[in-house]
Amino acid sequence: MTAKRTMTLNLTDAEMRVLDELSARKDITKTAVLRQALRLYQTIDARVEKGEKLLFENDATKEKAELMLL
Amino acid sequence: MTVDVSKIYLLDVASGGSVEAELRDAIEQAQLNDWQTKWRPALLSILQELARKGVPMDQWPQSWHWDWNKKTARVQGLLAFRGFSVVALGETQGLAQIDLTKMGREANQRGKPLVYLDYLEVAPWNRPDLGNAPRLRGVGTALITAAVALSEDEGFKGRLGLHSLPQADNFYRKIGMTDLGQDAAYQNLRYFEMTSEQARAFFEKEENDET
């Protein structure tokens with residue numbers, strides 16, 4: 001198992017509620033939610049940096065919407 | 001990067017004895033060198049033999065075109081992708097690449113994160129489907145076990161998903177994964193998932209087989 005470090009995180013009530021809700025809905029710990037968020041953010045950022053776009057497609061209508069990352 | 005190394009045992013098919021091996025939680029340059037200088041020539045000679053015998057291409061090993069240099073370069077430095085390798089008898093015996101960004105599809109775990117096994121390949125000389133008796137057995141199972149253990153370690157409760165090459169479909173059924181059918185969005189390969197319950201059963205069976 002890879003060694004891990006501990007950090008203190010300051011979140012607002014709203015952020016904490018979202019973290020709790022995601023943790024329950026995704027069936028993973030709050031730490032796992034944050035680690036997953038970091039992975040996804042890094043992956044998306046790396047692809048956007050290479051000039052790619054992040055698009056969401058509605059499965060039913062096939063309508064596409066681009067998520068703008070600044 | 002520090003590589004975590006675990007000791008595992010494989011079966012030497014010729015002698016029936018066990019061989020000590022390393023399960024490494026990375027694919028390093030030494031493994032890529034083995035793939036380039038040992039796996040590829042071995043696979044090439046098998047493909048030439050299959051062509052000489054007139055075996056149709058759809059019966060060739062379906063991973064013959066995989067390029068591990070490209071696969072590892074594409075995900076270099078990204079936290080979402082992990083690699084495993086099995087090393088024994090001084091050479092690489094198996095490789096696996098994992099994607100941690102995927103979600104479950106099976107009814108009871110839809111939308112929940114899982115470990116997605118992107119690629120798994122064992123060295124050509126260990127593959128029973130290529131005509132010759134394999135040298136070592138247990139490499140594929142060791143890599144699957146590592147993937148399920150990673151799922152536990154990441155808090156994904158053993159959930160695992162993968163698209164199977166047709167020649168491996170029965171292997172994934174045999175280890176208890178659920179066959180969710182052909183995936184039209186992924187070259188019509190069959191998609192398999194292991195649930196938390198199936199992961200527990202898989203580990204119990206592995207432990208019983210060891211004792």
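**Figure 1. Leu9(A) is partly exposed in this predicted model**. The relative accessible area of Leu9(A) is 42%. That value lies between the 20% cut-off for buried and the 50% cut-off for exposed, so the residue counts as partly exposed. Leu9(A) sits in the segment before α1 of chain A. Helix α1 covers residues 13-26.

**Figure 2. A nonpolar patch on the surface includes Leu9(A)**. Its other members are Met7(A), Leu11(A), Met16(A) and Leu34(A). Together, the patch residues have about 440 Å² of accessible area. Patch members need over 30% relative accessible area. Leu9(A), at 42%, is over that cut-off.

**Figure 3. Chain A combines two helices and two strands**. From the N terminus on, the order of elements is α-α-β-β. The radius of gyration of chain A is 16 Å, well over the 11 Å from the globule rule for 70 residues, so the chain is more spread out than a compact globule. Along its principal axes, the C-alpha trace spans about 40 × 25 × 25 Å.

**Figure 4. The accessible surface of chain A comes to about 6,100 Å²**. Carbon and sulfur atoms hold 57% of this surface. Of the 70 residues in chain A, 13% count as buried.

**Figure 5. Chain A carries side chains of both charges**. There are 13 positive and 12 negative side chains. The centres of the two sets lie 7 Å apart.

Conventions
Residues numbered from 1 in each chain as written. Chains lettered and ligands numbered in written order. Predicted model: local features only at pLDDT ≥ 70, side-chain atom pairs only at ≥ 80, totals over all residues. Heavy atoms only, no water. Patch = residues over 30% accessible without salt bridge, like charges linked within 9 Å, V, L, I, M, F, W, Y side chains within 5 Å. Areas by Shrake-Rupley, 256 points an atom, 1.4 Å probe, with all protein chains shown as cover. Salt bridge = Lys/Arg side-chain N within 4 Å of Asp/Glu carboxyl O. Helix = DSSP H or I, 4+ residues; strand = E, 2+ residues; numbered from the N terminus. Buried < 20%, exposed > 50% of the residue type's maximum accessible area, 1.4 Å probe, protein only. Rg over C-alpha atoms; globule rule 2.2 N^0.38 Å. Lys, Arg positive; Asp, Glu negative; His and termini not counted. Charge placed at Lys NZ, Arg CZ, Asp CG, Glu CD.
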